[in-house]
Amino acid sequence: MLWWRRLQLRIRSLTERDRLERELDQELVFHLAEQKADYERQAMTAAEAEFRARREFGALGSLAEQCRDQRHTRWIEDLLTDARFAIRGLRQSPGFTWAAVATIALGLGANLALFSTAYRVLFRPLPYADPDQLLEIAGPIAGVGPATVLRQMAKQVEWAGYLPNVERNAQLGGGALRLRTAAATWNLAGVLGVQPAMGRWFEEREESAGRHRVAVISQRMWRERFSSDPGVLGRRILLDEEPYEIIGVMPAWFTFPAAGTELWVPIRYDPADISYLWGSYNLLPIGRLSNGGSMEAAQAELSGLIQRIRPMFPWRMPDQWGVGAALVRHQTALVSNARPKLIALAAASLFLLIIACGNVSNLLLARWIRREREFATREALGAGRGRLLRQLVTENLVLAGVGGVAGIAVALGLLPVLPGLVPDLPRLDGLALEPRAAVLVLFAMGMTFGVLSLVPMFRTFLLGARSVSTARMTLSRRPARVSLSLAGFQLALATALLIGAGLMARTLWRLDNVDSGIRAPGVLTATVSAGPSRCATAARCRAFVEDLTATLGGVAGVQSVNWSNGTPLVKRQSAMSVAVQDHPRPPGAPAFVLWHLTATPGYFPALGIPLRSGRLFTESDTARALPVAIISESTAQRFWPDGSAIGKTIRPVSGKVWRTVVGVVADVAHYSLAGFPSWVDGVQYVPLNQSMPGSGNVVQLSIFLQGAVTAGVLEGALRKSFPDVVLSGLAPLQRVRRESVADRRSTMWLLSGLASMGLLLGSVGVYGILTQRFAQRTREIGIRLALGATTGSVAVTVLREALVVAAMGSVVGISAAIVLTRYLRSLLFGVAEHDLAAFLAGPVVLIVTALLAAALPGLRAARVDPATVLRAE
Amino acid sequence: MGKPSDLLQGTLDLLILKTISLEPVHGWAIAKRIQQVSNEVLLVQQGSLYPALYRLENQGWIQSETRETESGRVAKFYSLTREGRKQLAKELGQWERLSSAVGLVVKQA
């Protein structure tokens with residue numbers, strides 16, 4: 001227990017330092033007094049006794065110091081002294097301290113936030129058991145049929161299937177609302193390895209059609225729509241007019257397949273329904289690798305199974321179907337779109353951090369050079385070099401510590417804002433500071449600091465104080481070169497950031513100037529949905545749409561009402577495989593795929609889509625009339641380049657009715673501003689009246705309203721006669737367009753923000769260095785002026801230095817950007833990865849800014865009065 | 001403040017431990033007692049005494065308490081801890097072995 005006692009003593013030495021000091025003093029004074037008394041007893045006079053006792057005793061202070069040393073806590077006390085000293089020093093130069101702390105805080109905070117986000121989105125393991133075993137298929141293997149075959153025949157992987165993003169109308173206590181739901185095979189919970197928090201998941205028998213229907217709801221839905229009612233199990237909910245029994249509540253973290261999914265139902269499996277089995281239901285497979293199975297074996301099995309699935313389709317599938325379908329980890333697939341963006345942003349913020357560290361290093365270096373004489377004096381007075389160095393390091397540590405705490409505060413402030421800045425990223429729930437990201441960022445910061453500040457300091461330090469006496473005259477070239485190349489490095493990184501931001505700005509400019517083919521200022525769009533009873537037959541459906549049109553058209557402010565099955569630029573798929581006249585396909589070749597849209601006669605004028613030839617739809621294009629279609633200009637070009645499109649016919653692969661092309665309209669960007677997916681061969685429009693959802697399908701239509709009206713007014717109009725109809729997402733078409741490029745926009749703004757901060761910090765760095773160089777060279781400039789140099793030539797000297805640094809930085813930055821812009825490739829549109837304009841504009845902005853930053857020191861140099869300078873010598 | 005050359009390295013610790021082994025003693029009295037008992041041969045300088053006392057205290061062998069002396073002044077009295085007693089026994093043993101060994105060599109020669 002001796003160590004314990006010793007530890008206690010050490011702690012006491014630190015905590016009760018004052019008391020111990022007093023005791024030590026008292027003890028020594030007591031000793032002195034006793035000795036004196038002793039001498040007096042030996043018949044000395046009081047004065048003599050005092051003198052002799054003191055002489056024997058020696059220097060009190062030195063003795064006390066020796067006693068103190070015995071406590072072995074000296075180094076801690078030194079550290080505290082250093083820290084106190086450092087804080088005092090930093091407070092004496094508040095400008096420097098503020099600049100350094102703010103720079104560190106911004107750089108560190110931005111990086112902590114972005115790296116935490118990147119880690120949590122890209123690498124944080126999914127919350128399922130053994131998430132690495134979860135697999136998806138990259139490729140077009142989807143559908144109830146293929147998924148069912150995989151489920152039944154695969155041995156290496158247990159496959160389940162899910163239909164993501166099924167929007168359904170739910171009726172809950174009166175009001176109708178739109179819910180985001182997913183349908184899934186019963187074994188999905190088993191494959192994912194999850195259990196409901198309450199109740200149970202589906203069972204196998206509940207997949208069959210005809211059984212009573214069950215649903216599992218999300219924690220959020222339970223909380224918000226059922227007020228956390230513990231008796232929710234067994235309650236009924238109407239989904240598209242069919243009653244479902246709630247049998248389970250999922251845990252709060254369960255957001256499969258996407259955030260915002262509120263309800264899961266089993267797929268309804270009817271082996272007799274060919275269109276359900278092999279049609280357009282995109283049931284996506286997700287599987288779990290069997291225990292001990294390997295990816296290679298699973299991949300081989302998948303390739304084999306695809307060969308067996310292809311001939312099972314009731315119609316001939318292209319020979320290329322499913323070739324090259326590859327297994328990917330679920331996590332990889334989930335974030336594949338977000339990856340390049342996050343990597344680009346993380347790299348950009350790392351650049352910013354390095355620029356920030358460079359700035360702080362420069363500040364430190366400048367400060368240190370200013371204090372070189374102070375240190376030389378202190379060294380001459382006996383301070384050890386190690387001790388001085390330790391004090392410098394302590395000062396940097398204090399600075400880094402304060403900056404670090406401020407940086408964490410900045411990061412904590414940024415994290416809640418980030419999901420709003422990058423709303424298109426997946427897995428943004430529960431963002432928090434990530435310790436791993438923090439370690440990485442601190443490591444990067446430490447490395448940068450270490451290299452950029454300690455190395456030159458050590459060098460100057462070890463080169464020694466001998467040059468100090470001459471330091472007044474000229475500064476040795478080395479630190480100057482060090483700080484200038486440091487500034488060049490910062491400018492290089494800023495250049496790379498500027499080029500990246502420039503590429504994104506050009507992309508966005510291009511996207512904003514894409515002619516979407518729609519000229520419809522003031523057109524509002526919304527999704528209107530209703531239960532299947534409204535469209536039990538095509539005739540009822542038609543009447544329903546007519547009634548809705550009349551009701552909504554009667555609302556004050558609405559000038560026209562038109563319908564289609566889709567809204568442009570929301571990326572909802574609406575494709576149809578067709579046979580095209582004059583273009584027979586050989587057996588085994590894929591069919592042509594057309595983007596399939598329904599439209600009312602007023603649709604084209606309302607959206608400002610001009611007619612190129614033929615005619616538009618009219619009210620007489622009814623179900624009983626000749627089936628007709630309108631195609632887009634480029635579709636006509638693609639199939640009938642000689643201009644003979646009118647009168648040709650098109651037929652769905654799965655249907656028998658040939659539609660006659662009656663008109664050709666201008667091209668419209670229906671899928672995205674960047675164009676259609678490569679597998680789309682063209683666009684066809686058919687009259688809504690000839691393509692009503694029938695046979696008890698759920699109604700979902702896009703409405704287009706000319707006029708000015710609010711969602712509340714429209715909903716109010718619907719409530720009276722159509723309480724079961726849900727109108728959702730009312731927005732101007734322009735906003736839909738803007739939001740379709742939100743991911744690029746957010747990337748551009750974030751990159752631009754980082755780039756401008758980089759530019760700002762970089763030019764502050766240049767300004768600082770040049771100002772400091774100027775201060776050191778005032779005398780030289782004075783002499784030059786005295787010897788006949790013109791003020792202009794002196795200013796040019798300063799500017800030239802800035803120009804050289806900026807130009808070299810630009811060259812390095814351009815080289816870095818050439819390598820790095822590949823990470824932006826997937827985000828670019830209409831701009832080459834090595835776009836000349838961006839690669840020129842970045843450096844130009846940088847050089848101009850650097851010259852502006854240099855202008856002030858340059859002007860000051862020109863205004864130096866040689867007489868004053870020389871007199872000061 | 002050099003250490004007394006006539007005191008073997010490490011011996012001072014032994015002398016202090018021994019001196020305070022009977023009763024708590026304050027610093028000045030420790031020096032005085034060593035001086036008296038050794039017939040004025042061993043002079044313990046303050047410069048050695050106090051650092052030694054602080055060292056011993058920090059090693060946990062002796063402890064101190066502040067109380068009044070007979071003359072009515074406040075002083076720090078040192079006494080042995082349990083570990084200190086063990087240490088004293090150990091050092092005494094070492095000292096006896098060393099001094100008898102030295103004695104043997106000296107007589108032989």
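**Exercise 1. Work out the strand order of the open sheet in chain B, and say which strands stand at its edges.**

Solution. Start with the order: the open sheet has 3 strands, arranged S1-S3-S2, and their pairing is antiparallel. Strands here are DSSP runs of E with at least two residues, helices are runs of H or I with at least four, and both are numbered from the N terminus. Two strands pair if DSSP finds at least two bridges between them.

Now the edges. S1 (25-26) and S2 (62-68) of chain B each have a single partner strand, so one side of each is left without a neighbour in the sheet.

Next, look at one pairing up close. S1(B) and S3 (residues 74-80) of chain B run antiparallel to one another over 2 bridges. In one of the pairs, B:Val25 has B:Tyr78 of S3(B) as its bridge partner.

Before going on, a word on the model: it is predicted, so local features need pLDDT of at least 70 and side-chain atom pairs count only at pLDDT 80 or more, while totals for chains, interfaces and linings use all residues. Residues are numbered from 1 along each chain as its sequence is written, and chains are lettered from A and ligands numbered from 1 in the order in which they are written.

**Exercise 2. Put that sheet in the context of the rest of chain B.**

Solution. Count first: chain B has 4 helices and 3 strands. Along the sequence they come as α-β-α-α-β-β-α. The C-alpha atoms fill a box of roughly 55 × 30 × 25 Å along the principal axes. Finally, 28% of the 109 residues of chain B count as buried (20 or more other C-beta atoms within 10 Å of a residue's own; exposed is 12 or fewer, partly exposed is in between, and C-beta atoms are placed from the backbone).

**Exercise 3. Describe the side of chain A that touches chain B.**

Solution. The contact takes 19 residues from chain A and 18 from chain B, where contact puts the C-beta atoms, placed from the backbone, within 7 Å. On chain A, helices H1 (2-15), H2 (17-41) and H4 (60-69) each supply at least two residues. H2(A) gives the largest share, 7 residues. By type, this side of chain A divides into 6 nonpolar, 7 polar and 6 charged residues (nonpolar is Ala, Val, Leu, Ile, Met, Phe, Trp, Tyr, Cys and Pro; charged is Asp, Glu, Lys and Arg; the others, Gly among them, are polar).

**Exercise 4. Find the residues that touch the most other members of the largest nonpolar core.**

Solution. A nonpolar core is a set of buried Ala, Val, Leu, Ile, Met, Phe, Trp, Tyr and Cys residues joined through C-beta atoms within 7 Å. The largest has 100 residues, and A:Leu497 and A:Val766 touch the most other members. H13(A) supplies the largest share of this core, 21 residues. Take A:Leu497: beyond four places in sequence, its contacts include A:Phe351 and A:Leu754.

**Exercise 5. Is A:Phe449 buried or partly exposed?**

Solution. Locate A:Phe449 in helix H17 (residues 435-463) of chain A. A:Phe449 has 19 C-beta neighbours inside 10 Å, so the verdict is partly exposed. Leaving out residues up to four places away in sequence, A:Phe449 touches A:Cys357 and A:Ser361.

**Exercise 6. Where in chain A does pLDDT stay under 50?**

Solution. pLDDT is the predictor's confidence in each residue, from 0 to 100. Chain A has a mean of 85, with 95% of its residues at 70 or more. The stretch to flag is residues 465-475, where pLDDT stays under 50.

Technical notes
Two residues are in contact if their C-beta atoms, placed from the backbone, lie within 7 Å.
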